[in-house]
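Colleague: I'm new to this one, so could you walk me through it, please?
Modeller: Gladly! Have a look, and ask whatever comes to mind.

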Amino acid sequence: MSRLALYALVVCVLSVVAAVVSFAQGSWLGIVWVLMAGLSSNMCWYYLKRRRVTE
């Protein structure tokens, strides 16, 4: 796993945790965290696929 894919995966997991906590506290700011989780998930898949193609 490339370093950038690993970083994107960590950001995705942390964003999901932040979204859950935010929604549990009744804040609508969790929507931003969900969007960030989606973006970082896509980045993770992109870097994983790019690495497979170049190998």
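Colleague: How many aromatic pairs does a search of the whole structure find?
Modeller: Please keep in mind that this is a predicted model. Searching the whole structure for aromatic pairs gives a total of 2.

Colleague: What kind of pair do the rings of Phe-23 and Trp-28 form?
Modeller: Their centres are 6.4 Å apart, and their planes meet at 80°. Planes over 60 degrees apart count in one class, so the pair of Phe-23 and Trp-28 is edge-to-face.

Colleague: And which residues form an aromatic pair with 65° between the planes?
Modeller: This pair is edge-to-face, and the distance is 5.4 Å centre to centre. One partner is partly exposed, with a relative accessible area of 48%. The residues are Tyr-46 and Tyr-47.

Colleague: Is Trp-28 buried or exposed?
Modeller: The cut-off for exposed is over 50% relative accessible area. Trp-28 has 68%, so Trp-28 is exposed.

Colleague: How far apart are the end C-alpha atoms of helix H2?
Modeller: Helix H2 covers residues 30–54, which makes 25 residues. At 1.5 Å a residue, H2 should span 36 Å. The model agrees with that, because the end C-alpha atoms are 36 Å apart.

Colleague: Which helix helps cover the buried residues of H2?
Modeller: The buried residues in H2 are Gly-30, Ala-37, Ser-40, Cys-44 and Leu-48. What covers them includes residues 3–24, which form helix H1.

Colleague: Is Leu-14 buried or exposed?
Modeller: Leu-14 sits in helix H1 and helps make a nonpolar surface patch of about 700 Å², along with others including Met-1 and Val-21. Its relative accessibility is 55%, so Leu-14 counts as exposed.

Notes. Residues numbered from 1 in each chain as written. Predicted model: local features only at pLDDT ≥ 70, side-chain atom pairs only at ≥ 80, totals over all residues. Heavy atoms only, no water. Helix = DSSP H or I, 4+ residues; strand = E, 2+ residues; numbered from the N terminus. Expected span 1.5 Å × (residues − 1). Buried < 20%, exposed > 50% of the residue type's maximum accessible area, 1.4 Å probe, protein only. Contact = heavy atoms within 4.5 Å. Patch = residues over 30% accessible without salt bridge, like charges linked within 9 Å, V, L, I, M, F, W, Y side chains within 5 Å. Areas by Shrake-Rupley, 256 points an atom, 1.4 Å probe, with all protein chains shown as cover. Salt bridge = Lys/Arg side-chain N within 4 Å of Asp/Glu carboxyl O. Phe/Tyr/Trp six-rings, centres within 6.5 Å; stacked < 30°, edge-to-face > 60°.
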